[in-house]
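Please open the model in your viewer and keep the sequence beside it, so that each selection can be followed from one panel to the other. The tour moves from strands to pairs of charged side chains.

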Amino acid sequence: MKNYVITVNGNAYDVTVEEAGGEVSAPAAAPKAAAPKKAAPAPKAAVGGIPINAPMRGTIVDIKVKVGDKVSNGTVVAVLEAMKMENDIVSDKDGVVAAVCVNKGESVETGAPVVTLN
């Protein structure tokens, strides 16, 4: 007999199978306690006073600024791809970039901080 653990749709099942040559047996599988799912990572801590947030859910395809850059109202700080369209994320204030909170290729949710300004 061989024991296997089979996972279906996130549920783990213990299954015992008897070798061929004898009776083939696969008793009803009882659900095993599934491992707890990992919680979504918390948003990165915003450093600085003024966050510039993602206007919608999407993927960051380009970051146009780095820490220490001076930006003014209307400066493009990053490019977000959503629904196969690229959208510029622009600063709505003047300031200096205190932190870049995302990486190129990272998925972000609506309202997630992209950069913060001082």
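What follows is a walk through a predicted model, one selection at a time.

**First stop: an open sheet**

Begin by selecting strands 4, 6, 9 and 11, and colour them apart from the rest: these 4 strands form an open sheet in the order 4-11-9-6, with antiparallel pairing. Which strands stand at the edges? They are strand 4 (50-53) and strand 6 (70-71), and because each has a single partner strand, one side of each is left without a neighbour in the sheet.

Now narrow the selection to strand 9, residues 95-100, and strand 11, residues 113-117, which run antiparallel and are joined by 3 bridges. To see one pairing in detail, pick V100, whose bridge partner in strand 11 is V115.

**Second stop: strand 5 and its partners**

Next select strand 5, residues 58-63, together with strand 10, residues 107-108; the two pair in the antiparallel sense over 2 bridges. Here G58 stands opposite V108 of strand 10. Keep strand 5 selected and add strand 7, residues 76-82, which runs antiparallel to strand 5 and is joined to it by 4 bridges. Along this pairing, I63 is the residue to pick, since the viewer will show A78 of strand 7 opposite it.

**Third stop: the salt bridges**

Side chains of opposite charge can pair when their charged atoms come close. How many salt bridges does the structure hold? There are 3, and each can be displayed in turn.

Show the side chains of E109 and R57, which meet in a salt bridge with an N to O distance of 3.6 Å. This pair links distant parts of the chain, as E109 lies in the loop between strand 10 and strand 11, whereas R57 lies in the loop between strand 4 and strand 5, 52 residues apart. With the surface switched on, E109 is partly exposed at a relative accessible area of 46%, while R57, at 58% relative accessibility, counts as exposed.

Move on to D62 and K64, whose side chains form a salt bridge at 3.1 Å, N to O. Are these two buried or partly exposed? D62 is partly exposed, with a relative accessible area of 25%, and K64 is also partly exposed, with a value of 47%.

Finish with D69 and K66, where the side chains meet in a salt bridge of 3.4 Å, N to O; K66 counts as exposed, at 55% relative accessibility.

Notes. Residues numbered from 1 in each chain as written. Predicted model: local features only at pLDDT ≥ 70, side-chain atom pairs only at ≥ 80, totals over all residues. Heavy atoms only, no water. Pairing = 2+ DSSP bridges. Salt bridge = Lys/Arg side-chain N within 4 Å of Asp/Glu carboxyl O. Buried < 20%, exposed > 50% of the residue type's maximum accessible area, 1.4 Å probe, protein only.
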